[in-house]
Amino acid sequence: MQRFELDELSTLLIGIIALFAGRWIRRSVPFLSRIDMPNAVVGAMAVAVAVLLLQVFLHFDVVFGARTKDALLLIFFTSIGLSAKLSALKKGGIPLVILCAVTVVALVAQNLSGAVLASLWGAHPAYGVLAGSLSFVGGPGTAMAWARELESQGLAHAQVVAVGASTLAVISGALVAGPVTGWIVRRHKLHSTEGAPTDLTFIAPPPKEEAKPGDTQIEALLSTVFVLALCVLLGEKLNGIARGAGIVLPGFLSAMIAGVAVTNIADAFKYKLDFAPIERGGALALQLFLVMALMSTPLISVAAIIVPLALNVIVQVIVTVAIAYLVLFRLLGSDYDAAVTSGGFLGFGLSSMPVAMATMDEVGHRYGPSPKAFLLITLAGSFFVDLANAFVAKGMLSLPFFGTGGG
């Protein structure tokens, strides 16, 4: 088979075209919008299908560049770390502590169930972690990041598993979260204490930003670039220290830890970071990383493991729904706010934060608002989930049972 290798700039340009194509496809196919399938996933899959057709019919393979993608990954996880302010935890109180604790239980349960299923199928149990919380709670970005790390440790099919599991997770979570939440509300005859159903969403529209002079905008962008670059550098130094102590940390995890440290040190000294450009930069980095990582997916290999991936989805949905209803809903008081919070938990526990917000928003339209649930899910989703997922996954993969000595 003839191979054609693209350089970094060409890969980036194709990735941007794929993002626009994904946006157009989502608008043309309403179902994809309803389940919150990211533009990057849709566009990248279109490119991957095109590459597949070239491979099958013309025996022509396309190899994309990888260095830019790796840099974007570090920027994205750095932006996550920079948004993790410890002071935000005080706003949630005991319910937030309960939500975070149950989230950790769900992370462990998803990984254990995935590992058991992988072992029963005759695969390495580490694939179960990749198809567990890293795909369902983490989403495509987190799954692909860890796939790259696990491939370097000997799991040859990590990228294929990550793509298949995370894509199915996005779909299944979007289909399950809303109906299950509605069922809980109806079963227990719950009602909102904040008023009747309304057309208003849970979140108020953001205040309009005042126009800034050109020089001020440039300074803000330069400050953002400086903070991101500083965190990436500190992450590399942290990685070197950890490696010297015999601890192997993924580069993106080190960058995220550095981001957490920088933002909380700045908070302690009352220095206000401008989070708007940081969040936009992180979102852009995620979209570009996702599309560049996914469009090189060997779809033939994904099709070969679709049966175990489908079984994994069924197991993960059952486990997560059971935890949401039997544990979280009851610990939070079995009231309407607990039901809506459980719906948000199902959204980010099986798919993504956008699905969590969309689920709570839809429930609010039908049964009434729940500002408390929105606050809890926003705090847990923006501060806690990604950090907990990274450390739980790293801790479990460090156990002898999950040792990645081979694929």
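C100 is buried in this predicted model, with just 9% relative accessible area. C231 is tucked away too: its relative accessibility is 0%, so it counts as buried. As for disulfides, a search for cysteine sulfur atoms within 2.5 Å of each other comes back with a count of zero.

Turning to the interior, the largest nonpolar core takes in 103 residues. Within this core, F77, L99, L130, W146, L294 and F345 touch the most other members. The biggest contributor is helix 17, spanning residues 371-397, which supplies 15 residues. Another core, made up of ten residues, lies apart from this one; A258, A266, L273 and I278 are among its members.

Two of those names lead to helix 11, where A258 and A266 are listed among the buried residues. The buried set of helix 11 also includes F252, L253, M256, V260 and V262, along with S254, T263 and N264. Helix 11 covers residues 251-268, and its 18 residues should span 26 Å at 1.5 Å a residue. The end C-alpha atoms are indeed 26 Å apart, so the expected and modelled spans agree.

Just after helix 11 comes K270, which has a positive phi near 60 degrees. Most residues other than glycine have a negative phi, and K270 is a non-glycine residue with a positive one. K270 sits in the loop that links helix 11 to helix 12 (275-294). Its relative accessibility is 77%, so K270 counts as exposed, the cut-off being over 50%.

Helix 3 can be described along similar lines. This helix runs through residues 39-58, 20 residues in total, and reaches 28 Å from its first C-alpha to its last. That is close to the 28 Å expected at 1.5 Å a residue. Its buried residues include A40, V41, V42, M45, V47, V51 and L52, and Q55 is on the list as well. Helix 3 is followed by H59, with a positive phi near 50 degrees. H59 is placed in the loop between helix 3 and strand 2 (60-63), and is again a residue other than glycine.

Out on the surface, W121, I306, V307, L311, I314 and I318 form a nonpolar patch. Together these residues have about 580 Å² of accessible area. One of them, I306, lies in helix 14, which covers residues 306-331. With a relative accessible area of 40%, I306 is partly exposed, because this value falls between the 20% and 50% cut-offs.

Terms used: Residues are numbered from 1 along each chain as its sequence is written. This is a predicted model: local features need pLDDT of at least 70, side-chain atom pairs count only at pLDDT 80 or more; totals for chains, interfaces and linings use all residues. Side-chain values use heavy atoms; hydrogens and water are left out. A nonpolar core is a set of buried Ala, Val, Leu, Ile, Met, Phe, Trp, Tyr and Cys residues joined through side-chain atoms within 4.5 Å. Buried means under 20% relative accessible area, exposed over 50%, partly exposed in between (1.4 Å probe, protein chains only). Helices (H or I, at least four residues) and strands (E, at least two) are DSSP runs, numbered from the N terminus. Patches are made of residues with over 30% relative accessible area and no salt bridge: like charges are joined within 9 Å, nonpolar side chains (Val, Leu, Ile, Met, Phe, Trp, Tyr) within 5 Å. Accessible areas come from the Shrake-Rupley method with a 1.4 Å probe; for residues, only the protein chains shown count as cover. A salt bridge is a side-chain nitrogen of Lys or Arg within 4 Å of a carboxyl oxygen of Asp or Glu. The expected span of a helix is 1.5 Å times one less than its number of residues.
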